[in-house]
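Me: I'm new to this structure and would love a close look at one part of it. Could you take me through how some of its helices pack?

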Amino acid sequence: MRFVVVTGMSGAGRSSVMRILEDDGYFCVDNLPVSLLPTFMQLTENSSEQIERVALGLDIRGGHQALRDASSVLQNLKNEGYTLEILFLEASTPVIVKRYKETRRMHPLAKGGRMDTAIENERALLSELKKQADTIIDTSTLLIRDLKQEIDRIFVEDENFCNFYITFVSFGFKYGIPSDADLVFDVRFLPNPFYIDSLKTLTGNDAEVYNYVMDSDKAVQFLHKLKDMLDFLIPNYIIEGKTQLVIAIGCTGGKHRSVTLTNAIYKEFENTEYGCKAEHRDIEKDRLRSICRSQEK
């Protein structure tokens, strides 16, 4: 029987993960008291219904002491021979604050106080449990579909997982650098399809633009050097405890060159042990601005 404990920061996506696992055929139980865990595991293993996959949600609602006890209870279960995995969901404090504000809900530890303080208090309470985690997913930059893809990959398809997620994002410098970028690269030195009439209205997602940019020796060299640098950096980031990396690639408008190189570097990493995705923040902005101007006239 596969037994997964889903825990982590409030607002990091635990409820969403439980729904995903339930859809994937897991028998899901949310917020079971920690003291009942040994009995629950014994009952499920001896069940006549032949339950094969179980997911248990564990969070701050069980109380401070329950969280403190959870680490020792889970370790004792492992020592007794039970096979269980701990999935810990993480997210940055600003992201969690934003999510709570959007849903107009209150953090369970806030109690009328500042939410960011409550989040950091919870982070401290969960520190020991996080150390025991078999899998840590930082959901700060993940959409629900991205999260589902990662959960399915780990807990349904049984692929090897590295607690590291890369987001490649294209952008236009005239719209500003992405605020969450860890690394920023400027590809405005590459040939610009904007000045080719047949390519001007297309984007880096179109083969004609992609081929035009990548036919440049400079683009190929840049891609190889970027790949080499990331191959060096990522293992060292992991050693230092980093769980995600946002790599921003910019050109003037975020439509041609940056989109092309973002797609190209994404292809280099999409089949590696790291989770990754590509986003194009500004790809439609020029078109939308043109529409707005025409409507104003």
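At what angle do helix α4 and helix α5 pack, and how far apart are their axes?

Reply: Happy to help! Please keep in mind that this is a predicted model. The chain has a mean pLDDT of 88, with 93% of its residues at 70 or more. Confidence peaks in strand β7 (residues 183-186), at a mean of 98, and is lowest in helix α11 (residues 285-296), at 63. Where pLDDT is low, the predicted coordinates should not be read in detail.

Now to your pair. Helix α4 covers residues 93-103 and helix α5 covers residues 115-125; they pack at an angle of about 125°, and their axes are 10 Å apart. Because of that angle, α4 is oblique to α5. The crossing of α4 past α5 is right-handed. On the α4 side, the contact is made by T93, I96, V97 and Y100, while α5 brings M115, D116, I119, E120 and R123. Sorted by class, the contact of α4 with α5 has five nonpolar residues, one polar and three charged.

Another pair makes a nice companion. Helix α9 (residues 217-239) packs with helix α10 (residues 257-269) at an angle of about 45°, with the axes 10 Å apart. These two helices, α9 and α10, are therefore oblique to each other, and α9 passes α10 in a right-handed crossing. From α9 come A219, F222, L223, L226, K227, L230, D231 and I234, which meet L261, A264, I265, E268 and F269 of α10. In the contact of α9 with α10 there are 10 nonpolar residues, three charged and no polar ones.

Terms used. Residues numbered from 1 in each chain as written. Predicted model: local features only at pLDDT ≥ 70, side-chain atom pairs only at ≥ 80, totals over all residues. Heavy atoms only, no water. pLDDT = per-residue confidence, 0-100. Helix = DSSP H or I, 4+ residues; strand = E, 2+ residues; numbered from the N terminus. Axes fitted to C-alpha atoms, helices over the stretch in contact; angles between N-to-C directions. Parallel < 35°, antiparallel > 145°, perpendicular 65-115°, else oblique. Left-handed = near helix turned anticlockwise from the far one by under 90°. Contact = heavy atoms within 4.5 Å. Nonpolar A, V, L, I, M, F, W, Y, C, P; charged D, E, K, R; others polar.
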